[in-house]
Amino acid sequence: MLALGGLVTSSFSLPLPKNAEKRSSTVKFTRDGLDLQPDEYQTILNEVLGKNGISTDQYIRGGIVEELEDRFARMLGKEGAVFFPTGTLANQIAIREQAGKNRRVVVQKESHIYNDSGDCLQNLSGLAVLPLGAGKTTFDIEELVDTYKRTSQGRVKTRIGVVSLETPVRRKDNRYIEPGILMEIIDLARANGSKLHMDGARLYNMAVHTGISPSDLCKEFDTVYVSMYKNFNAPAGAILAGKDSFVKNLYHTRRMFGGSLAQAWPLAAIANHYAEGFMDDYKEAIRRFDVWKGLINKSDHLTIETIPQGTNVFYLKTTKGTDLKGFKNTLVENSIELNPPDNELPGFVMKINPTLNRIAPTDLARAFLDASRKNQAPARK
Ligand SMILES: Cc1ncc(COP(=O)(O)O)c(C=O)c1O
């Protein structure tokens with residue numbers, strides 16, 4: 001095994017990025033964002049209040065909510081945007097509103113809307129859902145061609161009103177849809193008169209990994225949803241953006257579904273605070289991750305594996321003799337948090353996020369290598 005000292009003594013140190021989060025020193029490999037705690041929210045709200053004040057909203061209209069909506073509309077290159085309490089509701093409303101009389105909608109079989117929304121499209125909006133691409137990040141173009149063909153040949157005339165695409169795909173460890181394939185699907189959907197909705201809960205992760213701006217990624221989509229709590233650290237919330245004509249009276253539908261919170265300014269103030277800085281902070285986190293990965297992958301007991309077409313998820317694999325629980329606990333003592341162990345890897349499924357900017361990669365490597373050494377089963381005699 002490489003001696004720890006030899007591995008990490010070089011005095012590598014990156015300057016702290018401008019937007020580095022210094023409130024907490026804990027590095028959390030568990031979330032898409034900073035996983036802020038109540039005291040941190042208090043500090044940020046105080047900071048925002050002290051700087052610009054916070055103008056309140058009424059039933060999610062006006063004030064800082066409107067500021068956030070305008071900001072995201074601009075960042076996403078759309079005419080307008082509407083705040084929603086959840087992405088689950090934003091997705092459903094985007095799809096139901098655009099389907100109109102064309103009641104069939106295509107979704108990925110691995111998508112959140114198909115698996116994790118209680119069949120809201122079917123149960124609450126009366127839509128016929130066609131899930132394609134079982135087990136895959138997205139479906140093949142041939143499958144979509146075949147679905148359009150079948151739909152056009154039915155005895156009762158039906159049409160596919162909306163094609164909804166989630167990217168990155170949570171159930172595929174946040175892999176993104178390859179932009180070339182995305183364009184092929186878009187072209188086919190357009191040629192068949194379908195509207196396009198993007199579930200871009202983590203669109204900003206994809207933008208950094210592909211080098212394509214969020215607005216270019218969602219340019220051809222009629223509507224796009226982005227989560228306010230994954231990358232932008234609000235306690236909850238979602239933005240749904242699209243044409244002016246689409247967003248204009250959408251608040252009525254939001255209210256019809258019970259989605260009109262009496263006030264949403266605390267959520268909007270936090271998301272607004274992080275909106276512009278996330279991409280730079282995340283790029284810096286990736287730079288640090290790469291250095292750390294290089295150091296870890298020189299060791300005998302730990303390997304970091306990234307995912308092709310992946311975004312923020314990666315795997316830390318350990319050799320068989322490692323006590324995974326002990327390893328995790330040792331790291332917690334050093335203010336480093338991991339998800340529960342995955343015994344099949346064996347190791348941990350982890351996420352890159354801006355909490356990596358709280359530590360130099362060399363110190364991070366030292367902590368992991370120490371924890372690994374400390375938690376090896378004693379060699380058998
Ligand atoms: C890809 C994707 N879409 C939609 C959602 C739903 O978001 P919310 O929890 O705000 O309803 C999630 C949440 O995990 C998600 O991962």
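The following paragraphs lead through the ligand site, two loop residues and the cysteines of this structure, which is a predicted model.

The ligand is a suitable starting point. Its surroundings comprise 13 residues, and the closest of these are Gly87, Thr88, Asp199, Tyr229 and Lys230. Three of these residues can be described through individual atoms. At Gly87, a polar atom of the backbone lies 2.7 Å from an oxygen atom of the ligand. At Thr88, the side chain takes this part, with one of its N or O atoms 2.5 Å from a ligand oxygen. Tyr229 likewise places a polar side-chain atom 2.7 Å from an oxygen atom of the ligand. On its own, the ligand has 390 Å² of accessible area, and the protein covers 88% of that area.

The shell may also be considered by its origin and its composition. Helix H4, which spans residues 87–99, supplies the largest share of the shell, namely 3 residues. By residue class, the shell consists of 5 charged, 5 polar and 3 nonpolar residues.

Two residues in loops may be examined next, beginning with Thr30. This residue is located in the loop that runs between strand S1 (27–28) and helix H2 (38–52). Is Thr30 buried or exposed? Thr30 counts as buried because its relative accessibility is 15%, and the cut-off for that class is under 20%. Beyond its neighbours within four places in sequence, Thr30 is in contact with Glu337, Leu338, Asn339, Lys351 and Asn353.

Ser194 is the second loop residue, and its loop lies between helix H8 (179–191) and strand S6 (195–199). The relative accessible area of Ser194 is 2%, and Ser194 is therefore buried. Which residues does Ser194 touch, when those up to four places away in sequence are not counted? They are Tyr148, Ile160, Gly161, Val162, Val163 and Ala189.

The cysteines conclude this account. How many disulfides does the structure hold? The number is 0. Two cysteines can be placed by their accessibility. Cys120 has a relative accessibility of 5% and so counts as buried. Cys218 is also classed as buried, because its relative accessibility is 0%.

Notes: Residues numbered from 1 in each chain as written. Predicted model: local features only at pLDDT ≥ 70, side-chain atom pairs only at ≥ 80, totals over all residues. Heavy atoms only, no water. Near = heavy atom within 4 Å. Polar contact = N/O pair within 3.5 Å; in protein donor to acceptor, adjacent residues only side chain to side chain. Areas by Shrake-Rupley, 256 points an atom, 1.4 Å probe, with all protein chains shown as cover. Helix = DSSP H or I, 4+ residues; strand = E, 2+ residues; numbered from the N terminus. Nonpolar A, V, L, I, M, F, W, Y, C, P; charged D, E, K, R; others polar. Buried < 20%, exposed > 50% of the residue type's maximum accessible area, 1.4 Å probe, protein only. Contact = heavy atoms within 4.5 Å. Disulfide = S-S within 2.5 Å.
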